[in-house]
Amino acid sequence: FPKTNNKRSNGGSYQRLIKYKALLFGSIGTIVETSEIQRKAFNEAFKKNNLNWIWTKKIYKNLLNKSGGKDRILNYALKKKINVDPGKIRELKTRIFNNYLKMNKLKPRPGVKEIIKYCKKKRIKLGLVSSTTKNNIDSILFCLKHKINIKDFDFIGNSKLVKNSKPFPDIYKLALKKLKLKANECIAIEDSQESLNSAKKANIKCLLFPGKFHNSKKFNGAYKIIQKIKKNIIEK
């Protein structure tokens, strides 16, 4: 470390340095755009629970300031002064969301497929450092199985592996332990401020790759804000 890739240019040679030993996708939203699908799944779950709630795009964008569907439901119910079982509604939403993914094929976000291929070629480790449910992760990887191989990842996280979900750094610290790497040997990609905070608290440099529902926000602490993943993010 650092790794090199020698090429010739103008009769001479130069070295392209590979700066990191691991690329960490921090959320399923960094791999595939799912915000609109999830919003509709929440609304369907509300309807099935006889709740007259409709989360518009505007409302949902504001709710995404906080991680965790269960907490979003609970906080929304408190504002409405209604008693609900947020866990039950969240579980139904997750089933609706996962059923959709199993029946539909989605495309990876721009550059995701290419950077995974590049990392495998250069022997750079890959992580999916998510603290969402295992069911969500399994469904995402299932609907992308023709584009992305689950075996490409050296670490895949989920909510059951840590006590505290994001924005706490627990899942990132676990990833570092499992990958046997130091924080400065990795670079993370996140799609929201709260998830970015998780990476930063673990002292991992983080790129912000905002989804459609996050684009209007300002992101504090991001190393860079990108609209497409390119291989130069892991090159010096």
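Ile-28 touches Gln-38, Leu-128, Ser-130, Thr-132, Ile-137 and Ile-140, leaving aside residues up to four places away in sequence. Contact here means heavy atoms within 4.5 Å. Ile-28 sits in the loop between β3 and α1 (35-48). Ile-28 counts as buried because its relative accessible area is 8%. The cut-offs are under 20% relative accessible area for buried, over 50% for exposed and partly exposed in between, with a 1.4 Å probe and protein chains only. One of the contacts, Thr-132, is 104 residues from Ile-28 in sequence, and the C-alpha to C-alpha distance is 8.4 Å.

This is a predicted model: local features need pLDDT of at least 70, side-chain atom pairs count only at pLDDT 80 or more, and totals for chains, interfaces and linings use all residues. Residues are numbered from 1 along each chain as its sequence is written, and side-chain values use heavy atoms, with hydrogens and water left out.

**Strand β3 and its partners**

Strand β3 covers residues 22-25; Ala-22 and Leu-24 point one way, Leu-23 and Phe-25 the other way, and all are buried. In a regular strand, side chains alternate between the two faces of the sheet. Helices (H or I, at least four residues) and strands (E, at least two) are DSSP runs, numbered from the N terminus. Two strands pair if DSSP finds at least two bridges between them. The pairings of β3 are these.

| Pair | Partner residues | Sense | Bridges |
|---|---|---|---|
| β3 and β4 | 125-128 | parallel | 4 bridges |
| β3 and β6 | 186-190 | parallel | 4 bridges |

Phe-25 has Leu-128 as its bridge partner in β4. Leu-128 is also among the contacts of Ile-28. On β6, Ala-188 stands opposite Leu-24.

**The chain as a whole**

The chain holds 8 helices and 8 strands. Its radius of gyration is 19 Å, which agrees with the value near 18 Å for a compact globule of 236 residues. That radius is taken over C-alpha atoms, and the globule rule is 2.2 Å times the number of residues to the power 0.38. The C-alpha trace spans about 70 × 35 × 30 Å along its principal axes.

Of the 236 residues, 51% count as buried. Among contacts with a separation of 6 or more, 66% come from residues 24 or more positions apart. The chain exposes about 13,200 Å², and carbon and sulfur atoms supply 48% of that area. Accessible areas come from the Shrake-Rupley method with a 1.4 Å probe.
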